[in-house]
Amino acid sequence: MLREALHRDADQAGDGRPAQSPARRAMRLPATLAAVAGRHRLFSVALVLGIVPRIVAMLGYRPAILFRLDTYDYLWGAVHVRPNPVNPSGYSLVLWVLRPFHSLALIAGLQQLAGLGIAVLIYAVLRHWGVRNWIATLAAAPVLFSPAQLLLEQLIMADVLAMLLMVAAFAVLLRRDAPSAGRSATAGLLMGASVLVRPTALALIPAMAIYLLARRASWRRVCAVLAGGAVPVVVYLAWFASAYGTFNLTNSNGLFLWTRTMSFANCATIKPPADLQALCPNRQPGYLDQPVAALRPLPKRYLWDHQAWQWQSPSTGLQPDTAAFTKANNERALHFAIRAITAQPLAYLHVVASDTLHAFGSGSQLNFPAGQTSAAGLSKTNSAYALAAVRGYTGSTSGIGPYLGHHYGYRLGQPFARLIDDYERVIVFPGPLFALILVAGLAGIIIPRRRTAAAALLWFSAAVSIVLPIAEHEYTYRYVVPAIPLACMAAALAFRDRSPAASSTDATDDASPTASASTSSTDDASSTDDATTSTAVGAATTGGGDLTPESSGSADLP
């Protein structure tokens with residue numbers, strides 16, 4: 001797909017000569033890349049510029065940024081391979097693959113490269129859809145330059161991997177020709193893998209199936225994307241069940257949702273049975289017992305306060321903060337949460353909507369930490385766990401052990417950390433701009449001449465990525481960042497070039513009845529699909545991409 005989006009003739013002879021040997025093609029690779037960069041000069045310049053702040057971030061925060069106990073959970077899971085009861089272990093499994101290198105800096109470097117790869121995928125998909133190169137470059141700019149994106153890439157956290165898998169799934173699926181069954185299955189498989197890293201992606205698998213139905217794809221392709229998405233999820237569910245006796249991704253979804261209800265729950269209205277009354281807000285310890293809902297602490301305070309009901313069983317072993325996440329506690333919390341939401345649906349919608357608006361405020365940012373951290377902020381138990389996790393993964397704690405703080409752990413490198421501080425003072429992605437991008441994408445879906453099923457899928461996915469974590473637990477900007485590239489892609493598709501010249505050079509959407517019939521009647525290879533679709537477009541009289549019948553969560557960043 002990338003080769004097509006960046007003009008296939010860049011790596012083809014174009015004169016009918018036989019394909020060259022791999023060795024000869026490798027020798028020609030620099031010239032080929034130079035030719036591609038020349039045709040996409042603006043994006044190539046932006047891509048090279050995007051490398052600079054990433055190098056500075058890696059030099060300023062060494063070997064990477066370790067975040068609270070979350071990072072140590074992931075590292076621990078890579079050393080002691082077992083499903084994590086709090087978060088899915090997909091990221092830990094990737095770290096397990098990289099464990100022989102014993103390097104946190106390598107993980108951060110690969111995540112920085114992943115960020116650049118995400119930008120390339122965004123640009124390639126948009127160019128394939130006929131979006132002008134400056135608009136496609138602009139859509140990729142937040143991933144290339146946003147300080148929040150750079151911070152996530154430097155953190156030993158699951159966010160960037162989940163984003164890469166999600167965007168890759170869309171890049172495979174969202175071509176203007178109808179995808180083959182194999183490509184549909186691949187897209188589903190990538191999205192299913194993303195679920196094992198960030199469960200909120202689960203809702204996007206059926207969304208991709210609906211997209212294929214809107215494109216009038218065959219049932220074989222719809223089933224392929226669903227089956228592809230189900231395979232990694234079902235395998236993980238079976239693995240989790242073998243460890244904890246419950247067919248689930250985690251033992252935390254009910255507990256997270258219970259903490260969400262603490263923002264509005266009134267047990268006088270809910271009337272819970274006796275076995276659930278201990279979960280009422282007025283039964284929580286200390287400062288958590290706040291009768292006025294608007295004055296209650298953040299949901300995460302209810303989750304992690306070890307005086308609360310779910311922590312009454314003592315922790316065993318070295319790994320802290322897992323004793324609460326049992327099958328019994330999770331089911332009990334889920335029963336209360338369902339009762340609370342059923343009894344007070346408007347209150348629930350109000351807190352979700354109110355928290356969602358935070359994503360579009362002027363202060364919505366993630367900033368690199370300032371100053372050197374130290375181990376003084378960690379408790380004795382947590383310090384022992386953090387050191388054991390780092391030592392188990394890297395073989396040593398030298399160079400990082402003394403700097404494992406309460407919120408972060410890193411070794412500051414000057415003057416590079418100061419350069420990053422100056423950088424994020426100048427380069428910002430304000431919340432109101434994000435809101436404008438979402439509005440532009442929504443307008444592109446509503447306006448018939450600009451409407452595409454691809455834009456609708458991307459916009460819906462962006463909305464889900466923002467709202468679902470808030471509906472399940474609470475707002476944090478870290479969960480908003482993956483929605484930004486999806487929203488930018490949806491908005492860019494509203495401004496795609498619909499001229500005949502653009503249609504003659506790009507594979508077109510199977511929007512017209514003729515194109516739909518030609519692309520949905522076969523599951524041939526993609527090259528055959530492209531040729532068939534291009535022939536159909538020559539006879540078509542209507543525009544592409546229309547949706548009308550005539551056309552086809554854990555502890556958070558502070």
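**Group meeting: contacts in a predicted model**

Asp 159 and Arg 478 form a salt bridge, and their closest N and O atoms sit 3.1 Å apart. I'm opening with that pair, and please keep in mind throughout that what we're looking at is a predicted model. In sequence terms the bridge links distant parts of the chain: Asp 159 is in helix H9, Arg 478 is in the loop between helix H21 (453-472) and helix H22 (483-493), and the separation is 319 residues. Both Asp 159 and Arg 478 are buried. And Asp 159 has another arginine to deal with, because salt bridges with shared partners put Asp 159, Arg 198 and Arg 478 into one network.

So let's look at that other arm. The side chains of Asp 159 and Arg 198 meet in a salt bridge too, at 3.1 Å from N to O. Here the partners are 39 residues apart, with Asp 159 in helix H9 (residues 159-173) and Arg 198 in the loop between helix H10 (181-195) and helix H11 (204-214). How buried is Asp 159? Its relative accessible area is 3%, so it goes down as buried. Arg 198 comes out at 11% relative accessibility, so that one counts as buried as well.

Let me step back for a second and give you the whole chain. We have 558 residues, and 54% of them count as buried. The protein chain has 25 helices and two strands. Its exposed area is about 22,900 Å², with carbon and sulfur atoms supplying 64% of that.

Back to charges. How many salt bridges does a search of the whole structure find? Five. One I'd like you to see is Glu 153 with Arg 54, where the closest N and O atoms are 2.8 Å apart. Glu 153 belongs to helix H8 (residues 147-154) and Arg 54 to helix H3, so to speak a long reach in sequence, at 99 residues. Both Glu 153 and Arg 54 are buried.

While we're on helix H3, have a look at its surface side. Val 48, Ile 51, Ile 55 and Leu 59 make a nonpolar surface patch of about 310 Å². Leu 59 is in helix H3, which runs over residues 41-60. With a relative accessible area of 32%, Leu 59 is partly exposed.

Now the rings. The count comes to 16 aromatic pairs. Take Tyr 61 and Tyr 410: the ring centres are 5.1 Å apart and the planes are at 70 degrees, and since anything over 60 counts as edge-to-face, that's what we call this pair. Where do these two tyrosines sit? Tyr 61 is in strand E1 (residues 61-67) and Tyr 410 is in strand E2 (residues 408-412), 349 residues apart, so the pair links distant parts of the chain. Both tyrosines, Tyr 61 and Tyr 410, are buried. Phe 368 joins in as well, forming one aromatic cluster with Tyr 61 and Tyr 410.

Another pair to pull up is Trp 258 with Tyr 302. Their ring centres are 6.4 Å apart and their planes make 85 degrees, so this pair is edge-to-face. Trp 258 lies in helix H13 (residues 253-261) and Tyr 302 in helix H15 (residues 299-304), so the contact ties together parts 44 residues apart in sequence. Trp 258 and Tyr 302 are both buried.

There's also a charge over a ring: Arg 82 lies over the face of Tyr 244, at 4.6 Å from the ring centre.

Last topic, cysteines. The count comes to one disulfide, and it joins Cys 267 to Cys 280, with an S to S distance of 2.0 Å. Which hand does the link of Cys 267 and Cys 280 have? It's left-handed, with -105 degrees about the S-S bond. Cys 267 is in helix H14 (residues 267-270) and Cys 280 is in the loop between H14 and H15, 13 residues apart. Cys 267 and Cys 280 are both buried.

Two further cysteines to mention. Cys 223 is partly exposed, at a relative accessible area of 45%, whereas Cys 488 counts as buried at 6% relative accessibility.

If you pull up one thing afterwards, I'd go for the network of Asp 159, Arg 198 and Arg 478.

Technical notes
Residues numbered from 1 in each chain as written. Predicted model: local features only at pLDDT ≥ 70, side-chain atom pairs only at ≥ 80, totals over all residues. Heavy atoms only, no water. Phe/Tyr/Trp six-rings, centres within 6.5 Å; stacked < 30°, edge-to-face > 60°. Helix = DSSP H or I, 4+ residues; strand = E, 2+ residues; numbered from the N terminus. Buried < 20%, exposed > 50% of the residue type's maximum accessible area, 1.4 Å probe, protein only. Lys NZ or Arg CZ within 6 Å of the ring centre and 35° of its normal. Patch = residues over 30% accessible without salt bridge, like charges linked within 9 Å, V, L, I, M, F, W, Y side chains within 5 Å. Areas by Shrake-Rupley, 256 points an atom, 1.4 Å probe, with all protein chains shown as cover. Salt bridge = Lys/Arg side-chain N within 4 Å of Asp/Glu carboxyl O. Disulfide = S-S within 2.5 Å.
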